[in-house]
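Me: I have a model open and would like to understand the terms used for it. Could you take me through them?

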Amino acid sequence: MSNIKPAIESHHADVAPGDEQGADDIARGVRGYLVGFVLAAGLTAVSFYITRSTLVWAPSIPIALSVLAVAQMGVHLVFFLHMTSGPDNVNNLMALAFGLLIVMLLVFGSLWIMSHLNHNMVPMEQLMRMQR
Amino acid sequence: MSAAEAVLPAHPPSRGREHSHAAGLTEHESHASSVRIVVGYGFWIFLISDIILFAAFFATYAVLSESTAGGPAGRDLFDLRLVAIETACLLTSSVTCGLAVLGAQARNRRLFHAAMAVTFVLGAAFLAIELHEFADMIEKGAGPQRSAFLSAFFALIGCHGLHVTAGLLWLLTMMAQVVAKGYREDILRRILCFALFWHTLDIIWVGLFSLVYLVGMTA
């Protein structure tokens, strides 16, 4: 796509999400995808490895897996979706940041409120007995 | 778009019309460039709302993951070998999808079609393994009706599988449209949106294999 590489570097320029500045060079583009592939495959391999091994203290494995997952999502965003911190990507990043805020509220809010409900609820067997 | 136009540098849309003429660019190109940004951004907003949809399914799963109703839990059902193959398929297909975009940008028909074909095969392999896993679980009596955990599991993973299915149909459509219509501006925009969609599905799968399958095995 010719018009994804503004020849004039303007501070006001936007770039479509997924487009890479100066991606006219195929070799450079391929290199980017391959670097991303190696990093992502490495993180995936570590995730699978620590699940089965005793390398990480067992109770902390879910946290370690979450951290590795977030890191790999970051690798995908940078190397596959070409998100950068440049001014031409501000709009794309702001939309993503807002989406992540909603995702966090949804997931952690649900877990938090449901754990409290579970804690305060009459145990299920007792409830069944009361209904008889 | 002619080959001569294709090598002309485009310019950022936010610059005024007089700037574009000063830079020797036609209004048509300036328009095409800004349409690409608007379309890409709009599709990006859709993808973020899709991620929020997955977050809702995931929150449901996370809340219900212990509610096995005396039935099998994740560690009794999941086969990490299959999950590893699925992950490898989807990760590699994300790279080949990127190569297809590079092929389309370079107007390289062979690279585009070969990369899209490999992407399709890997996506289809992912889907086949997932369906095999589902069939296997249902056969063992661990279908979605067995427990709240399994209902949430099938809804979450099934929703991702449906997205992959839609992506595969879209992929074939794009290959056909490039053959029938060539690398028109609108076709290139659709390829951009397809690539965004496919990469996003891979990002969602990273969350799923880590937090559903791997955490499920350790629980």
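Me: What makes a residue part of the contact of chain A with chain B, and how many does each chain give?
Reply: Two residues are in contact if their C-beta atoms, placed from the backbone, lie within 7 Å; by that rule, 50 residues come from chain A and 54 residues from chain B. Helix 3 of chain A supplies the largest share of chain A's side, twelve residues. Helices here are DSSP runs (H or I, at least four residues), numbered from the N terminus. This is a predicted model: local features need pLDDT of at least 70, side-chain atom pairs count only at pLDDT 80 or more, and totals for chains, interfaces and linings use all residues. Residues are numbered from 1 along each chain as its sequence is written, and chains are lettered from A in the order in which they are written.

Me: Why are helix 6 of chain B and helix 7 of chain B called roughly antiparallel?
Reply: Their axes, lines fitted to C-alpha atoms over the stretch in contact, are 10 Å apart and make an angle of about 155° between N-to-C directions, on a scale from 0 to 180 degrees. Angles over 145 degrees count as roughly antiparallel, so the pair earns that name.

Me: Which helix gives the most to the largest nonpolar core?
Reply: Helix 8 of chain B does, with 21 residues. The core has 77 residues, and Leu196(B) is among those with the most contacts inside it. Leaving aside neighbours within four places in sequence, Leu196(B) touches residues including Pro17(A), Leu81(A) and Trp44(B).

Me: How do you know that Leu196(B) is buried?
Reply: A nonpolar core is a set of buried Ala, Val, Leu, Ile, Met, Phe, Trp, Tyr and Cys residues joined through C-beta atoms within 7 Å. Buried means that 20 or more other C-beta atoms lie within 10 Å of the residue's own. Leu196(B) belongs to such a core, so Leu196(B) counts as buried.

Methods
Helix = DSSP H or I, 4+ residues; strand = E, 2+ residues; numbered from the N terminus. Parallel < 35°, antiparallel > 145°, perpendicular 65-115°, else oblique. Buried ≥ 20, exposed ≤ 12 C-beta atoms within 10 Å, placed from the backbone.
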